[in-house]
Structures are given as structure tokens and as C-alpha cells.
Amino acid sequence: MKPYIESQKQHQPAMTKSGSLPADPERGRASAYSGKADDTDASRLTLSVLFQPFYCLSDLSVCGFEAKMRWKDALLEQLVPTSHLALAEEAGRIKPVCWTVAQKALEGLKTIQTGTQPEKGDVFMAVPLSGRQFFDPNFPGRIEALLNENNAAHNELALFFEHDIVMKDPGFSLDRLIRLKQAGVRLGLTGLGPHSWPSSFMENLPLDILTIEYNAFGVNEYGFNWLEDAVQLADNLLMNVAISGIASQKQHEIFGHMGCTYGQGGYFSKPLVLSRAQALLSQD
């Protein structure tokens with residue numbers, strides 16, 4: 001299929017009065033797609049969850065989505081995407097916010113898959129998580145409970161972690177990732193570039209997806225040579241490479257020819273509200 005093109009202006013999720021997100025993730029969880037942060041510095045902000053598709057570069061089919069948090073201020077003005085995690089961190093709400101996004105991501109995937117063909121059952125939902133969650137002693141148990149609560153199929157949920165987070169404590173990270181893998185989730189690593197990959201330690205991690213930003217390796221001969229080597233090594237390790245930030249057909253063709261599995265970016269689709277994500281998968 002062709003990349004998704006909006007036929008009309010995309011409507012943003014409406015603000016709701018669902019209450020505030022708790023500071024302690026064990027005390028409760030927001031039950032709606034939007035909620036207000038109750039920290040003084042973030043009290044004017046509203047959280048929503050959008051879904052940006054991953055496309056298989058070989059045939060342009062939709063193979064997954066990434067749940068992305070978005071904050072808006074009281075005037076319904078969208079904030080720049082790079083500030084979303086930082087705002088949650090600064091407000092002391094990163095753990096409850098990320099748990100809310102993870103819960104709504106799995107609920108959203110069930111909705112997105114409604115009415116689709118059976119072969120679309122292998123579509124995954126990726127959720128970027130924070131370092132505070134990764135190092136939380138209760139994190140693996142909460143993920144297992146989340147999977148059970150949502151009757152999630154094997155490999156339906158993909159958890160994405162930043163490279164720098166995983167490398168803070170390699171021994172701990174290896175044990176934690178093995179535990180998560182045993183729970184039945186896909187594991188992805190983000191924030192990769194020539195400075196971080198390859199490495200002998202990372203080759204031992206039970207990873208499924210390496211996500212590389214288009215601008216991380218530089219549009220030059222050195223950068224493309226590094227990417228070719230990274231893709232080859234990932235293929236040898238049975239890992240898939242996803243390129244995010246693809247903005248043109250030429251880039252899509254280049255990365256597909258290099259052997260990258262997934263692509264994401266404005267050329268294919270912006271982050272979508274739930275109903276549009278469902279329509280996209282239905283027409284695929």
C-alpha cells in the first residue's frame with residue numbers, strides 16, 4: 001500500500017476531566033487516554049497518546065505502531081515532541097505517565113486490530129520507557145501483570161529503551177532483559193549511532209529491534225558505511241533494524257535496499273489518533 005496521506009486535517013484528541021495522574025504508580029492508574037498532571041509546574045498540561053506506524057520497507061505494509069505521549073498546554077497548543085519525556089521527568093511523573101502510556105498502548109492495539117484480517121494479528125505495539133522504570137525492582141512483575149490484564153499475545157508488546165540506560169549497568173541490564181524476554185515481549189534499543197554500535201556486550205543482549213534515527217549516523221560515506229555494517233551484524237544476530245525519521249521516497253528506497261526491516265517517519269505517516277490508526281490498518 002502507499003504511505004498514509006491525510007484527506008483532511010487531523011483532529012487532536014479532546015481534553016477530558018479524567019483527573020490527575022498519581023505520583024506513586026502503585027497507588028493508581030489513569031483510565032482515560034488523556035489526563036492532567038497535578039504537579040504545580042505541569043498543572044496546565046494535558047497528556048494524550050498518539051500512534052505512529054512502522055512500515056515494512058520491503059512491501060510497505062503496516063507491521064506495528066509506536067505509542068507516543070504528547071503534552072498540550074491549556075491553549076491546546078501542541079508542544080515540541082522532544083520536550084514530552086523531559087516534562088514528565090521534571091514534573092516527577094515519568095513513572096505513572098509511562099505506565100499510563102503502556103496500558104493505553106495495549107488497549108489501543110486491541111482496538112486497532114478490531115475488524116482487520118487474521119494475518120494482521122502479528123502487528124506489534126512499541127512503548128518507549130524510562131530509566132526509572134527499567135531499574136525499578138517491581139518492573140518485570142508489573143509488565144507481566146500488564147500482559148495478563150490485556151491478554152496480550154506473544155511479542156505483541158515491544159518495549160524500547162535508550163542505549164545509555166541499558167549501558168549504565170550491563171550485568172543488571174542483561175538479567176533484566178532476559179526476564180522481560182521470557183515474559184513474551186519484544187525488546188528494542190534506541191539512541192544508537194556510530195559511538196554505540198557495535199559492541200561485544202550489546203551482541204549478547206536478547207534484542208529484537210534496533211531503532212536508529214536517520215540523523216544519528218550522518219548523511220555521508222562514513223555514516224552509510226557504518227549503517228551497512230550495523231545492518232549486517234544485526235541480521236547475523238537475528239535482529240531487525242528500524243530507521244526513524246524517513247522523510248522521502250529516496251530515503252525509503254535506500255534504507256530498504258540496505259536491508260533495514262522497518263521504517264517510520266513523516267514520509268509514511270505522522271502520529272495518529274486511535275481511530276485513524278485503526279482505519280490505516282484496516283485499509284492495509
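**Exercise 1. Is K104 buried or exposed, by its relative accessibility?**

Solution.
- Start with the ground rules. This is a predicted model: local features need pLDDT of at least 70, side-chain atom pairs count only at pLDDT 80 or more, and totals for chains, interfaces and linings use all residues. Residues are numbered from 1 along each chain as its sequence is written, and side-chain values use heavy atoms, with hydrogens and water left out.
- Take the cut-offs. Buried means under 20% relative accessible area, exposed over 50%, and partly exposed in between (1.4 Å probe, protein chains only).
- Apply them. K104 has 4% relative accessibility, so K104 counts as buried.

**Exercise 2. Find the salt-bridge partner of K104 and place the pair in the fold.**

Solution.
- Fix the term. A salt bridge is a side-chain nitrogen of Lys or Arg within 4 Å of a carboxyl oxygen of Asp or Glu. The count by this rule is four.
- Name the partner. K104 pairs with E107 at 2.9 Å, N to O.
- Place the pair. Helices (H or I, at least four residues) are DSSP runs, numbered from the N terminus, as are strands (E, at least two). K104 and E107 sit three residues apart in helix α2, so about one helical turn separates them.
- Check the partner. E107 is partly exposed at 26%.

**Exercise 3. Show which salt bridges tie helix α6 to other parts of the chain.**

Solution.
- Begin with R179. Its bridge to E144 has closest N and O atoms 3.0 Å apart. E144 lies in helix α4 and R179 in helix α6 (residues 170-183), so the bridge ties parts 35 residues apart in sequence.
- Go on to K181. Its side chain meets that of D208 at 2.6 Å, N to O. D208 is in the loop between β7 (186-190) and β8 (209-213), so this pair ties parts 27 residues apart in sequence.
- Compare exposure. D208 counts as buried at 17%, whereas K181 is partly exposed at 25%.

**Exercise 4. Locate the buried side of helix α4.**

Solution.
- List the buried residues of α4 (residues 139-149): F139, P140, R142, I143, L146 and L147.
- Read the arc, taken from the directions from the helix axis to the C-beta atoms. These residues cover only 165° around the axis, which puts them on the same side of α4.

**Exercise 5. Describe the largest nonpolar core.**

Solution.
- Define it. A nonpolar core is a set of buried Ala, Val, Leu, Ile, Met, Phe, Trp, Tyr and Cys residues joined through side-chain atoms within 4.5 Å.
- Pick the hubs. Among 68 residues, L159, F161 and F255 touch the most other members. Helix α2 (residues 94-113) gives the most to this core, nine residues.
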